[in-house]
Amino acid sequence: MPRNRILLAALALFPACGDDDGSRDEGSDIDVADVEPDETAPEVDVRPDGPEVEDDAGEVEAEAEADAPPDEPGPEFDRYCRGARWDAALEPATLWDLAGDYTGYIRDTPTGTLEGVKIVPDHPFRVRSIRVAFAAGSGPVKLRLMRTLGHSYPGDWPRLDGGTANLMPPLEVEVTAADPEVWLEYDVSDRWVFLQPRESYMIVYEHLAEAPHLAVQELRPGQSSWGTFVPAVGDGGGLGDGNYRMQVTGDYFCAWPTADRWFARSAATPEVETSPQQIAVADLDGDLHDDLVLTVGGRARAWLGRGDGTFADTPYDPFPEAPSANLVVFGDLDNDGDRDAVVATYVNWDGDGDGVNEQDGDCNDAVAAIHRGAAEIPGNGSDDDCDGVADDGTDTTDRDGDTFPIAGGDCDDTRAAVFPGAPEANDQLDNDCDGEVDEDHVTTVQVNDGTGRFTRVVSPEIERRDTTAAAALGDGDRDGFLDVYLGNWWAHYPTGPAVPDRYLEGQGDGTFRDVTATSGVARRVPQPCYGVRFADYDDDGWLDLWVGNYGGTLNLMFHNRGAGSFQEVGDSLGYAQDRLGPLAGTTFGGDFGDLDNDGDIDLFEADISHPRYGPSSDQSRIVLNLGASAGWRTETHREDFGFHWDEGDINPALADFDNDTVLDVAMAAVYSGHFARLYRGRGGGLLDDISYEAGVVVQLTGRVLWTDFDEDGDLDLLFGDGDGEPWLHLFENRVGQDRAWVELLLEGSTSNRDAVGARVLLRAGGATQLRDVEGGGGHWNIQESRFVHFGLGDAGTIDSLSVRWPDGTTESIAGAAPRGRYRVVQGSGAAVPLP
C-alpha cells in the first residue's frame, strides 16, 4: 500500500463473552491515527539494565557473575531433550514471522498503556533478540518479555514488577525516529532466556509516554490476532483485526518429530461444514461400537463407528421428527436395551430485549420495535403490534414475492420466508403466521427402535421452548428410570433474567413428569446455567446434582436426601465459588472423577475468567473433595497442583489416557489464540502439562471428549473446533496401549438398564480406583462412552472388582482380566468377554 496512507480505521475489539459460548475475541474499540512516517532510519540508544562493572573492581565483577543467568536451560527442559545436549541441533526461528501489510497505529496510548503480542513456541526455544517496529513518534521505550496471566494479559498484571512474570529485566531504549517498515532489533542473547513449548508468553511494550507508537499490520486469511491492548485506565482485551509488529528471534532446540508425539491426527475424522455445537458418542445401532453424534447447523447428525477408529455416514436421518437440536443427551429411557435421546432445543425467550417473551405474544423476537402492544406503523408491511394483521390487513400487493399479500393473511410482507403455512424455523419469527414464534422447536423425547432410528414420544411436560445449554441424565429417585435435568440460560443476554432450569423424572416409557417445584431444585431467583452433572460426591449411593452457573452467580450442589429430594449445599461445601473475591465464576463445564485416588470424587471446573476482573471472577479450578472425615467439604487448587488456568477454559474431560491408574485432564478453551491443554496426572491430584509431548494443537475449541474409538484399550481424544476447517480433530492415542487396561459395559436389571449412577471399584497392581457410569453432562452435554475404562499400569491381574449399582445393591464381579472388554449384568456376578 502507499506509504502515506494508513488505513487502520478501526481495530474492532468486541466485548468479551459477546455471545453465549464465549467464542468472540475480547476488547474494546481503539482509535487509529493517520500519519506520514518519517523515512529516515531511526537512531537507537540501548540502555544496559544490569549492574555496573568497574574495570578494577573484582568484587563487583564477582557479584555480577553470581547474578548472571544460567547459560543453559533448567532441569524442566530435560523431559524434552531426553538425554541429548540442548544445543546439539538448533533451528533458527522467529515468533511470529507473519506476513501482512502495515495498516496504522493506535493513537491514544498515554503513560502506563500496555501493548503486547502473545507468542507460543512450537518447540523449546532459546531467545536471542527482541524485534519491534514503531510507526510514529520518539521517546523512551520499555520492553518486557513475560509470562502471561490467563494466556491473555501480561503476567502479574497490573503490578508488572511485583511477581515472577518477567523472564528478564526490562529493556529500556530510546527511539529517536520511527519507521513501520524498519525492525529495531535488540540483542538479549546474554540474558539466556528459554521458553517452554506450547506455553504462552508475551512481548510487552510499556508506554513511558504516549509516543512512540507501535506499528500494526493487517490480518491475512488464516491468521489470528495475537495482540493485546491494555489501556492505562479501563478494560483491555484483544487487538481485534490486526497484529503488532513485535517479534522474538532465537533457536528451537530438542524439537520432537511428529512421529514421537503421543497422539496422532486421524485421517478418518468425519467432515462437517461448520463448527459443531455439541459432540457426543453413543452406540445407536447396538453393535457395541461407539457412534459419533454432532449437532451441526441446528440439527443432530450421526456417523456410525466401525470399531477401528473409522466411521460410516448414516444412510438415513436418525432424527426425522426432531426439527432442530441444540444438544442431545442419550440414555435408555424405556429400559429396552437401546439408547434413546432427549433432544433439547435453544429457543430465545426475549432475543430482541424488548421485554416481551416469545411465549407471551412477541410475534417477532428479532426486532425490538415489534411486540404485543407496540404502535402499528401504517404501510410498512409488518404486524408491529402482533395482533395477527399487518398494517390494516387490506393491501393486495405482494411486495416480498411469496405469493401471499397482506390481504391474503401474510403477517409480514417484507420477508419471503413468512407467510401462512410456511415451515416454522427456529429464527425468532412467526414464519407460518399462526400467532406463535418457533413453536415447533420444543425439547422432545426420541425413542430408538434398536437400529439407530428415532421416533418422537409425546411428553407434554418436557416439550418446552427454553434456552437449554446443558443437560444430564441420572436416576435421582432410584426407581429404575432415568431422570433429566435441563439447564437453561438467560432470556436475554446480557441483562437477563435467567430462564428457570427444569428437573423431570422419567416414567419408564419415554415420558417425563416435571418435579422442579417439589424436588428442591427450584430457585427463588433463577440463575443462568451452562453446565450440569449428576455425581455422588458423598458416596452414599444417591446421585447428587452439580449445576454450573454463568455471569458471576453461585454454582449449586444439590445433595440428594433420598428418593430424589434435594437440598442445596454448594456454598457450605465449597462448590459455589472459590471465595477469593466478591463474585463467583462464569462457569461452563465440569467433570467429576477421583483425581487423587483417595476413594471419593473430585470436580474439575471450567470457568471463563477475564484477567481484567482479577480474583473477583473465579478461574478454572480443581475442587478437591476432602472426604467424610472433613464433612465432605472441598478445597480449591490451581497452580499449586500444576494446573494453569486459561481465560477461555470452557470444558474439561477426565480420563486415564496413558493407563497408569491416574486420571488425566483435557481442557478445551475458546477465543482465538487460546489452545486446548492436556495434563497428565502424577498422583495426589497433581498435574503436568504435557500438551507438547502429546502433539495436540487446537485453538478456539469448546467441545472435547475421550473414548476408545479404535477399541485398542486406550482412549482417543476428540475436539470440536471453532477456528476454521477442519471443524473436528480426532487424535489417536499411540501410547496408552503400552500399559494394561480393562473396559466394562454395565447393564442394570433392577436398576436402570444403562446403569447410570453405578460406581465401580477396582484394585490391581497396588492401586485402588473408582469410576462412575455417567449420563452425559458438562457444557452443551459432552457425552462420552458407556464403557467404563480403567488403566491398570503394569498389573498382570485384577485383584478385585465390585459394583455398587444405582439401586444401592453391591456385588463382587469375577472373570475380568487385563486387556479385555467385558459386559457386566447386574446380579450375575460375572464379567463376560465381549466379541
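P212 sits in the loop between β13 (201-207) and β14 (213-214). The bond that leads into this proline is a cis one: from A211 to P212, omega is near 5°. Keep in mind, as you look around, that the model is predicted. Another cis peptide bond joins G496 and P497, with omega about 0°. For P497, look in the loop between β30 (483-488) and β31 (502-506).

**Backbone oddities**

While we're on loops, check out two residues with a positive phi. C254 has a phi of about 50° although it is not a glycine. You'll find C254 in the loop between β19 (246-252) and β20 (263-265). A563 isn't a glycine either, and its phi is about 60°. This alanine belongs to the loop between β35 (556-560) and β36 (566-568).

Are these two residues buried or exposed? C254 has a relative accessibility of 12%, so it counts as buried, the cut-off being under 20%. A563 comes out at 53%, so it counts as exposed, which takes over 50%.

Here are the backbone features side by side:

| Where | Feature | Value |
|---|---|---|
| A211 to P212 | cis peptide bond | omega near 5° |
| G496 to P497 | cis peptide bond | omega about 0° |
| C254 | positive phi | about 50° |
| A563 | positive phi | about 60° |

**The domains**

Now zoom out. The protein is divided into domain 1 (106-255), domain 2 (263-347 + 441-742) and domain 3 (743-833). Notice that domain 2 is written as two stretches of chain. Taken over C-alpha atoms, the centres of domain 1 and domain 3 are 51 Å apart.

Some residues come together in space despite the chain between them. A232, in the loop between β16 (227-230) and β17 (237-238), is one of them. A232 and D108 are 124 residues apart along the chain, yet 9.9 Å separates their C-alpha atoms. With 38% relative accessibility, A232 counts as partly exposed. Then there's S519, which is in helix α3 (residues 516-519). S519 is buried, at 5% relative accessible area. Its partner is N560: 41 residues away in sequence and 9.5 Å away in space, C-alpha to C-alpha.

**Aromatic rings**

How many aromatic pairs does a search of the whole structure find? The count is 42. In one of them, W490 and Y493 are tilted, at 5.8 Å centre to centre with 45° between the planes. W490 is buried at 13% relative accessible area, while Y493 is partly exposed at 26%.

Why is the pair of F657 and W706 called stacked? The ring centres are 6.0 Å apart and the planes meet at 5°, and a pair counts as stacked when its planes are under 30 degrees apart. F657 lies in the loop between β41 (649-655) and β42 (664-669), and W706 in strand β45 (residues 701-707), so this pair ties together parts that are 49 residues apart in sequence. Both F657 and W706 are buried.

F657 and W706 also belong to an aromatic cluster, along with F77, Y80, W86, W192, F194, F253, W256, W262, F263 and Y692. One cluster member has an arginine over its face: R126 lies 3.9 Å from the ring centre of W192. Elsewhere, R453 lies over the face of Y316, with 3.9 Å to the ring centre.

**Empty spaces inside**

A search of the whole structure finds 7 cavities of 30 Å³ or more. The largest cavity has a volume of about 620 Å³. It is lined by 41 residues, and nearest its centre are R771, D772, E774, E784 and F787. By class, that lining has 17 nonpolar, 8 polar and 16 charged residues. Domain 2 and domain 3 each give at least three residues to the lining of the largest cavity. Strands that each supply at least two residues include β41, β45 and β50 (767-772).

The second largest pocket holds about 460 Å³ of space. Of its 26 lining residues, S275, Q277, G298, N326 and R703 are the closest to the centre. Two elements, β45 and β46 (716-721), give two or more residues to this lining, and the largest share, 3 residues, comes from β45. The pocket lining has 7 nonpolar, 15 polar and 4 charged residues.

Note on methods:
Residues are numbered from 1 along each chain as its sequence is written. This is a predicted model: local features need pLDDT of at least 70, side-chain atom pairs count only at pLDDT 80 or more; totals for chains, interfaces and linings use all residues. Side-chain values use heavy atoms; hydrogens and water are left out. Domain bounds come from an automatic or database domain assignment. Rings of Phe, Tyr and Trp (its six-membered ring) pair if their centres lie within 6.5 Å; planes under 30 degrees apart count as stacked, over 60 as edge-to-face and the rest as tilted. Buried means under 20% relative accessible area, exposed over 50%, partly exposed in between (1.4 Å probe, protein chains only). Helices (H or I, at least four residues) and strands (E, at least two) are DSSP runs, numbered from the N terminus. A charge sits over a ring if NZ of Lys or CZ of Arg is within 6 Å of the ring centre and within 35 degrees of the ring normal. On a 1 Å grid over the protein atoms alone, a cavity is a set of points where a 1.4 Å probe fits but cannot get out, and a pocket is an open set with protein on both sides within 12 Å along at least five of seven lines; lining residues have an atom within 4 Å of a point. Grid points are joined across faces, edges and corners, and a volume is the space filled by probe spheres set on the points. Ala, Val, Leu, Ile, Met, Phe, Trp, Tyr, Cys and Pro count as nonpolar, Asp, Glu, Lys and Arg as charged, and the others, Gly among them, as polar.
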